[in-house]
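Me: I'd like to learn how to read a protein model step by step. Could we start with contacts and then work outwards?

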Amino acid sequence: MKKKLLIVLAVIAVLLLAILAWRIGYSLRKSSDNLPTLSRIAEMSEAEVNSLLIGYRIIQLREVWGDADICRANTDIWQIGEISLTVNYKNNGKVAICGLKHADGTSVGEPLPAP
């Protein structure tokens, strides 16, 4: 009886670990489901945006956020109120670096200049 109980507990433990591993893998994956809205992006600092978006494909960003306001060679720019998000991507379509700037050109997350 003890042997059967141990086997059942082991199976349950393995299933729980598999579910946990899948949840962690899914949340870390560069999936369109994991992209925040543009309004949420505008609340982040430039460093946070860079760490979040690098590795995504530009197609995924356009799929979630719609077409960019300005499209240039390997650069898309979305305007979010007074903030602009610039996304530079490689020839393979993966995001390389991002910029999040106020209307005056300062990076979001840096102190605004005195008037």
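Reply: Sure, and keep in mind that this is a predicted model. A polar contact is a pair of N or O atoms within 3.5 Å, where one must be able to donate a hydrogen and the other to accept it. Here the side chains of Thr 75 and Asn 88 make such a contact, at 2.7 Å.

Me: Okay, and is Thr 75 buried or exposed?

Reply: Buried means under 20% relative accessible area. Thr 75 has 13% relative accessibility, so it counts as buried. You'll find Thr 75 in strand E2.

Me: Which residues does Thr 75 touch, leaving aside those up to four places away in sequence?

Reply: Those are Ile 70, Thr 86, Val 87, Asn 88 and Tyr 89.

Me: Let's zoom out. Which elements make up the chain, and in what order do they run?

Reply: Read from the N terminus on, the pattern is α-α-α-α-β-β-β-β. That comes to four helices and four strands.

Me: How do the strands line up in the sheet?

Reply: To read a sheet, follow the strand order and the sense of pairing. This is an open sheet of four strands, ordered E1-E2-E3-E4, and the pairing is antiparallel. Strands E1 (70–72) and E4 (95–101) are at the edges with a single partner strand each, so one side of each has no neighbour in the sheet. From one strand to the next, the twist averages 15°.

Me: What holds the place of bridge partner to Ile 70 in E2?

Reply: That's Ile 77. E1 and E2 (residues 75–80) pair over three bridges, in the antiparallel sense.

Me: Which helices pack on the sheet?

Reply: Helix H3 (residues 46–53) does, touching E3 (83–89) and E4, and its direction makes about 155° with that of E4. Helix H4 (residues 58–65) packs there too, touching E2, E3 and E4, with a direction about 25° from that of E2.

Me: Last one: which residues of the largest nonpolar core touch the most other members?

Reply: General idea: in soluble globular proteins, nonpolar side chains tend to be buried together. In this model the largest nonpolar core has 22 residues, and Leu 53, Leu 61, Trp 65, Trp 78 and Leu 85 touch the most other members. Helix H2 (38–42), H3, H4, E2, E3 and E4 each supply at least two residues of this core. The largest share, four residues, comes from E3. Across the whole chain of 115 residues, 33% are buried.

Definitions and conventions
Residues numbered from 1 in each chain as written. Predicted model: local features only at pLDDT ≥ 70, side-chain atom pairs only at ≥ 80, totals over all residues. Heavy atoms only, no water. Pairing = 2+ DSSP bridges. Axes fitted to C-alpha atoms, helices over the stretch in contact; angles between N-to-C directions. Contact = heavy atoms within 4.5 Å. Buried < 20%, exposed > 50% of the residue type's maximum accessible area, 1.4 Å probe, protein only. Core = buried A, V, L, I, M, F, W, Y, C linked by side-chain atoms within 4.5 Å.
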